[in-house]
Amino acid sequence: MKRPIAIAESSTMYNAAETILDFDISGVIIESSQPRHLSQKGISQALLEKDHSIKSIPVSEKTRELTMVDRLAPVSNCADLMLKLRINALGVKDGERILGIITKHDIVKYFEQNMVDETKLSEIMSVGSFFV
């Protein structure tokens, strides 16, 4: 789990991109009454908008609600939730306090370190889904 890195709700997409690059993270928490998250994907979408500069787009326009899980939640449940919701990160809380973020990368790393398995990739890979 990574410690939470947050930026103000009044920040711009440019501020968010700088923060993500400075801390080498995949997204940031947006400080607001309801926890929100902005990912690299959200910034990429903003970059593709031709009528605005990311220096003028407020982060509030591209954020999504941060799905929260309790710090005692089983790792497998978190992985399942990420897959079902098609998200890359979950906020981890202790009561009402945000402790950090868990990402798909964290979960893959956990399984790599704790799983003994001889399953071949050809048995589990997606066919027809390619990343550019």
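**Warm-up.** Does R71 count as buried, partly exposed or exposed, and at what relative accessibility?

R71 counts as partly exposed, at 47% relative accessibility. The cut-offs are under 20% relative accessible area for buried and over 50% for exposed, with partly exposed in between (1.4 Å probe, protein chains only).

**Before you go on.** This is a predicted model, where local features need pLDDT of at least 70, side-chain atom pairs count only at pLDDT 80 or more, and totals for chains, interfaces and linings use all residues. Residues are numbered from 1 along each chain as its sequence is written, and side-chain values use heavy atoms, with hydrogens and water left out.

**Exercise 1. Find out which element has the lowest mean pLDDT and which has the highest.**

Step 1: pLDDT is the predictor's confidence in each residue, from 0 to 100. The protein chain averages 86, and 93% of the residues score at least 70.

Step 2: Go through the elements, which are DSSP runs numbered from the N terminus: helices (H or I, at least four residues) and strands (E, at least two). Helix 2 (residues 40-48) comes out lowest with a mean of 86, and strand 5 (residues 68-70) highest with 95.

**Exercise 2. Track down the salt bridges and say where their residues sit.**

Step 1: Look for a side-chain nitrogen of Lys or Arg within 4 Å of a carboxyl oxygen of Asp or Glu. That rule gives 2 salt bridges.

Step 2: Take R71 and D94, whose side chains meet at 3.3 Å, N to O. This pair links distant parts of the chain, 23 residues apart: R71 lies in the loop between strand 5 and helix 3 (75-85), and D94 in strand 6 (residues 89-94). D94 is partly exposed, at 33% relative accessible area.

Step 3: Now K84 and D80, with their closest N and O atoms 3.1 Å apart. They are 4 residues apart in helix 3, so about one helical turn separates them. K84 is exposed at 63%, while D80 is partly exposed at 37%.

**Exercise 3. Work out which residues of helix 3 are buried and what covers them.**

Step 1: The buried residues are C78, A79 and M82. They sit on the same side of helix 3, because they cover an arc of only 100 degrees around the axis. The arc is taken from the directions that run from the helix axis to the C-beta atoms.

Step 2: Check for contacts, meaning heavy atoms within 4.5 Å. The cover includes strand 5, strand 6, strand 7 (97-103) and helix 4 (104-114).

Step 3: Walk off the end of the helix and you hit R86, with a positive phi near 55 degrees.

**Exercise 4. Put the open sheet together, strand by strand.**

Step 1: Two strands pair if DSSP finds at least two bridges between them. Here 4 strands line up in the order 1-2-3-4, with mixed pairing. Strand 1 (6-8) and strand 4 are the edges; each has a single partner strand, so one side of each lacks a neighbour in the sheet.

Step 2: Strand 1 and strand 2 run parallel, joined by 3 bridges. I7 has I30 as its bridge partner in strand 2.

Step 3: Strand 2 (residues 27-31) pairs with strand 3 (residues 36-39) in the antiparallel sense over 4 bridges. These two form a hairpin with 4 residues between them, and I30 has R36 as its bridge partner in strand 3.

Step 4: Strand 3 runs antiparallel to strand 4 (residues 64-65), with 2 bridges. R36 stands opposite E65 there.
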